[in-house]
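User: Please take a close look at one part of this model, the aromatic residues and what surrounds them. I would like one connected account.

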Amino acid sequence: MAGRAGKLLRAQTGAVIIAAALLVSGEVRAQSAPSSGPLNFLGNLFSKGNEAAPAQPVSPAPSAPGSGSSAALPWSGEDGASGHPLMTASAIREAAANFDNCVASMWPDAARRNISQESFQRFTTGLSPDLRIMDLLDAQPEFTKSIWDYLDILVNDDRLAKGREILAKYKAQFDATEKAYGVDRYTIAAIWGIESNYSTQMGDRSVLNSTATLACIGRRQGYFKDEFLSALEILHHGDLRPEQMRGSWAGAFGPTQFMPTAFKRYAVDADGDGRRDVVDDPADLIASTANNLKKDGWQTGQTWGYEVVVPQGFDYILADRAKTMTIAQWEHLGIKRAGNQPFPQVTEKGYLLAPAGAEGPGFLMLQNFRVIMKYNPAEAYALAIGHFADRLRGGAPFVQPWPRQERELSRSERLELQQLLAQRGFYRGTPDGQFGGETRQALRSFQASIGAPADGFASAGVLERLRGH
């Protein structure tokens, strides 16, 4: 996500479970803190039928002219799952009734950004609240998918074939971009493929209408006010036309899903035509995505990481993003590269990721993996991008098998697991059914107490052990 819909709600990814927000909407960036990259990710993959039918339908406000299918499903009319006071049904209705006044009140802020009154009136006329977005903002799906299921979906033969076609078709643009920014073309192509399936699934909501809705209604108004005003700036400056700015419910748009604020930071006019067109101009799109990665710290000539074999009896407390060591140090602890291959540079520094625990493959993640996570703060996303890029350059599939016999816990089971950990003194947070670092650490402590590998992997078997402990 080139527009880092920020880090408003930090994307929470468990050892194997991808955060709920990731599955239902794919708007990881809008759910995390301000950053800089695209927002769509898995939401684009499941764009057909990924919005569960709401209970007790309420007629939505009329959609803005040309807003496409933004109101395809009505708002549920229910309180948001977050419990935030601005997400109660009554607060949403009250804010929606004041929507026109809210938009008009942003004129002084727009003027301070050198947006003309003519542009402000032209682009805000006809906007209306899309209340369905409130359900998506607070969505908490009952089920999630395993990381291997996501990888199967994201890195497949059809997508790889399309990626190779893109690399060949725009070779000149990729050549120029690599020379100018030092960013690997295969990574850019992988982001393009995963974010929008090569421009075929970019979202169809009006970015201006969506960000205006979120700027005036709900619990993230401050963040989305900046996105809304930034969208107005883009249109006022003429970089893009309103019909080009269509995308996700959180405002990400284009083949690599820029948020408006990220567009302002990273978009470049690569072909010198006077416009920064990241939607329909391949040169601008490729260069802008590369500029995003470069400014986020991309290291030229370095890979994202390596698949590794973790030895039996390994202390998984070391599998932590905060515990960085040189590859030589990891080798000293028994970590080996998968496929009996040597590491190119043992002085490189990385951290160990074991997304499926002791039963699955391990990965040593380098600086460029962290950069990809700035683009979209989810380990599953970054792993998919890195692996997709490797496959595009001719690399092989992962060597080690995933524990496909394991099933993902439902949200109610995840909540129960946290509650049981809390009852036994291992977890001190508030059970919410979402797994972050605190839950994984509590789970590791419980696993160690029963003599199991303390890998923090939330399996159905561990839940059964907790129930009977």
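Analyst: What follows starts with the aromatic pairs and works outward to the core, the strands and one acidic residue.

The model is predicted. A search of the whole structure turns up 15 aromatic pairs. Two of them are described here.

Take Tyr-170 and Trp-192. Their rings are stacked, with 5.9 Å from centre to centre and 25° between the planes. The pair links distant parts of the chain, 22 residues apart. Tyr-170 sits in the loop between helix 9 (157-169) and helix 10 (171-181). Trp-192 belongs to helix 11 (residues 185-196). Tyr-170 and Trp-192 are both buried.

Now Tyr-351 and Phe-369. The ring centres are 6.3 Å apart and the planes stand at 65°, so this pair is edge-to-face. The cut-off for that class is over 60 degrees. Tyr-351 lies in strand 6 (residues 349-353), while Phe-369 lies in helix 17 (residues 367-375). The pair therefore ties together parts that are 18 residues apart in sequence. Both Tyr-351 and Phe-369 are buried.

These two rings also have aromatic company. One cluster holds Trp-148, Trp-304, Tyr-351, Phe-363, Phe-369, Phe-398 and Trp-402.

Phe-369 leads on to the core. Leaving aside residues up to four places away in sequence, Phe-369 touches Trp-304, Tyr-351, Leu-353, Glu-379, Ala-382 and Leu-383. The largest nonpolar core has 51 residues. Within this core, Phe-174, Phe-369, Leu-383 and Trp-402 touch the most other members. Helix 18 gives the most to this core, with 9 residues. Another core, of 49 residues, lies apart from it and includes Ala-96, Val-207, Leu-208 and Phe-263.

Helix 18 also holds an acidic residue. Asp-390 is placed in this helix, which spans residues 379-392. Is Asp-390 buried or exposed? Its relative accessible area is 19%, so Asp-390 is buried. The cut-off for buried is under 20%. Not counting residues up to four places away in sequence, Asp-390 touches Thr-303, Trp-304 and Gly-395. Trp-304 is also one of the contacts of Phe-369.

Last, the strands. Strand 3 covers residues 305-309 and is mostly covered, with 4 of its 5 residues buried. It runs antiparallel to strand 7 (residues 362-365), joined by 4 bridges. Here Tyr-306 stands opposite Leu-364. Strand 3 also pairs with strand 5 (residues 336-337), again in the antiparallel sense, over 2 bridges. In that pairing, Lys-336 is the bridge partner of Val-309.

Methods: Residues are numbered from 1 along each chain as its sequence is written. This is a predicted model: local features need pLDDT of at least 70, side-chain atom pairs count only at pLDDT 80 or more; totals for chains, interfaces and linings use all residues. Side-chain values use heavy atoms; hydrogens and water are left out. Buried means under 20% relative accessible area, exposed over 50%, partly exposed in between (1.4 Å probe, protein chains only). Contact means heavy atoms within 4.5 Å. A nonpolar core is a set of buried Ala, Val, Leu, Ile, Met, Phe, Trp, Tyr and Cys residues joined through side-chain atoms within 4.5 Å. Two strands pair if DSSP finds at least two bridges between them. Rings of Phe, Tyr and Trp (its six-membered ring) pair if their centres lie within 6.5 Å; planes under 30 degrees apart count as stacked, over 60 as edge-to-face and the rest as tilted.
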